[in-house]
Amino acid sequence: MRHVEITSAKLHFLDSLYRAHDYFTLRDSLSGADTSAIGAGFYLAAVQRAFNDPLQSNATIVRTLGSDALSDSLRLELRRLQLSNLLSLYRYRAMDRLGKIMLASPKVYADSATMDDIRNNTRLGHALSDVAPLSVTITGSSLIHIDSAHHVPVQIGDSVRHYTFDTGANLSVLMRSEAQALGVQIRPAGLDVGSSTGAKVSADLAVAPRVRIGQVSYSNVVFLVLPDSMLTFSNGFRIPGIIGFPLIEGMGEVNLRGDGSLRIPAEASSPGPRNIAMEELRPLVQISYGGEKLTCLLDSGAGESQLQMPYYVAHRARVEREGVRDSVKLGGAGGERVMPIYRLRRATIGIGDTSVVLSNLRVQTTSLDDPKNELECAIGLDVLRSSTGYTLDFKTMSLLLH
C-alpha cells in the first residue's frame, strides 16, 4: 500500500478531530497515511486505544517516545495515553510507577485539570498495586432478567445483589455501607470524584475476589466506593451498586431484548458496524443527527438521551429557534440540581442502519463535565429501548439496534 505523507496541515486536522473526540473520522483519516511522521504516532496510538487495542497502542507509544524531536507537551500526552492503556489492561503496579514518574517530571506545560487526572490515576494504581488484573471466564450462554430499573442480579462472594447495569460508569460502584455489608476489602485511595451536579467527594476502592453474573465469572473485581450520601436522593431512592464498563466489557457481547432479558452468548455471533469507540473507560457511539455525524457517550444508566453543551454552542441559533425553553432536575451521584435546557419536539437519530424518532429531546445549555471532556451528546435508554432490543459487542466495537 502506498503511504500518504502527513503534512503540518494534516497534523492540525488530526489534532482537531482528537480534541473533538471524533475517533471515527480520525481512524478513517489515518488509513493509508505515513504515521512515522513526528506527532502522527500519537494519533495512531489514540485510534488503537479507542478501538480497544491497548496493547498495540502502547507498542506504538513506546516507538514514538523514542524520538528526540518530541515536544514536552506531546510527550506528556503520550504518557497520559499510556497510563490510560494500563488502566484498561488492569496493570495497576505499572500505573503506579508511570504516574509517579510523570508527577516528578517538569509540568510547566500541563494545566491543573491534566495534573488532577494524572494524580487520580496514580492514586488508583498505588492503592491497587498488589492486585492482579481482572480475569473473566465464560462457561456458557446466559439469559438474565433485567427489571424496569435496569437492575441485573449479581453474585459477590456468597451474596446475591441487584445492581444497575450502566455502560456509562467508568468503574463499577458500591456505596460504602453496601461494601461493608458485603465484607469486601476497602482500600483508602483518596480519589477525587465529580458528578453531574458539580459535587466532588473523596472516594476509595474495594476489591471483590469473586463476582458472577449469569455464566460469567470474574476475579479481582475493582469497585469505586462512594459515600452513601452520593448515591442517596432526596426522595429516599438509593443506588447501592452499579455494574460498570469493566464488567460489561468482560461479557464480550451482550444482547438486551425488549422483553426485559439480557442474553450473553458464550461466543460472539457476527461482526458489526464498528461504531463504538473507547475513551479511557467510557464507551462512545457514533450517531447521525441533523445531517451530521456526532460522537456520543453510550450511557445505559441514563433514562433520556440528550444533546450537550458543545452541540448547543455550535448550533445555538437553530436550537433556540426550533426548541422550547424548559428546565430539568438533574440527579446522580452527588445529589440534585435544576438546570435550564431546551426541548426539541421531534428529533431523528440514526445508529447504523436504524433510525429512532424522539419527542422532546433535551439540549443542555450548560456544561456537565470538564469542557475538554464533554461530548456532543449522550445516548440513553430511550434510544436503546426504542426497538425490539440491541446488541453491544466490545470485541467488534459495535452497537446494533434490532
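A disulfide is a pair of cysteine sulfur atoms within 2.5 Å. With that in hand, let's walk through this predicted model, starting from its cysteines.

The structure holds one disulfide. The partners are Cys296 and Cys377, whose sulfur atoms sit 1.8 Å apart. That pair ties together distant parts of the chain: Cys296 belongs to strand β14 (residues 292-298), Cys377 belongs to strand β19 (residues 377-379), and the two cysteines are 81 residues apart. What is the handedness of this disulfide? The torsion about the S-S bond of Cys296 and Cys377 comes out at about -70 degrees, so the disulfide is left-handed.

Now over to a pair of helices. Two packed helices are described by the angle between their axes and the distance between the axes. Here, helix α5 (residues 72-88) packs with helix α7 (residues 112-127) at an angle of about 35 degrees, and their axes are 11 Å apart. The crossing of α5 past α7 is left-handed. If you want to find the contact on screen, look on the α5 side for Leu76, Arg80, Leu83 and Leu87, which meet Thr114, Asp117, Ile118, Asn121 and Leu124 of α7. Sorted by character, the residues of this contact are five nonpolar, two polar and two charged.

Next, the empty space inside. Rolling a probe the size of a water molecule over the atoms shows where such space is left. In this structure, three cavities of 30 Å³ or more turn up. The largest cavity has a volume of about 60 Å³, and one of its lining residues is Leu87, which we just met in α5 at the contact with α7. The rest of the lining is made up of Tyr90, Tyr92, Leu134, Leu171, Asn220, Val221, Val222, Pro246 and Leu247. Which elements each supply at least two residues of that lining? They are β8 (216-226) and α9 (245-250), and β8 gives the largest share, with three residues. The lining divides into nine nonpolar residues, one polar and no charged.

The second largest cavity holds about 40 Å³ of space. Tyr90 appears again here, in a lining that also takes in Arg49, Asn52, Ser88, Phe245, Glu249, Met278, Glu280 and Leu281. So what is the make-up of this lining? It has four nonpolar, two polar and three charged residues, whereas the lining of the largest cavity has no charged ones. Tyr90, then, is a residue to click on if you want to see both cavities, as it lines the largest one and the second largest one.

How values were computed
Residues numbered from 1 in each chain as written. Predicted model: local features only at pLDDT ≥ 70, side-chain atom pairs only at ≥ 80, totals over all residues. Heavy atoms only, no water. Axes fitted to C-alpha atoms, helices over the stretch in contact; angles between N-to-C directions. Helix = DSSP H or I, 4+ residues; strand = E, 2+ residues; numbered from the N terminus. Left-handed = near helix turned anticlockwise from the far one by under 90°. Contact = heavy atoms within 4.5 Å. Nonpolar A, V, L, I, M, F, W, Y, C, P; charged D, E, K, R; others polar. 1 Å grid on protein atoms, 1.4 Å probe; cavity = no way out; pocket = protein on both sides within 12 Å on 5 of 7 lines; lining within 4 Å. Points joined across faces, edges and corners; volume = space filled by probe spheres on them.
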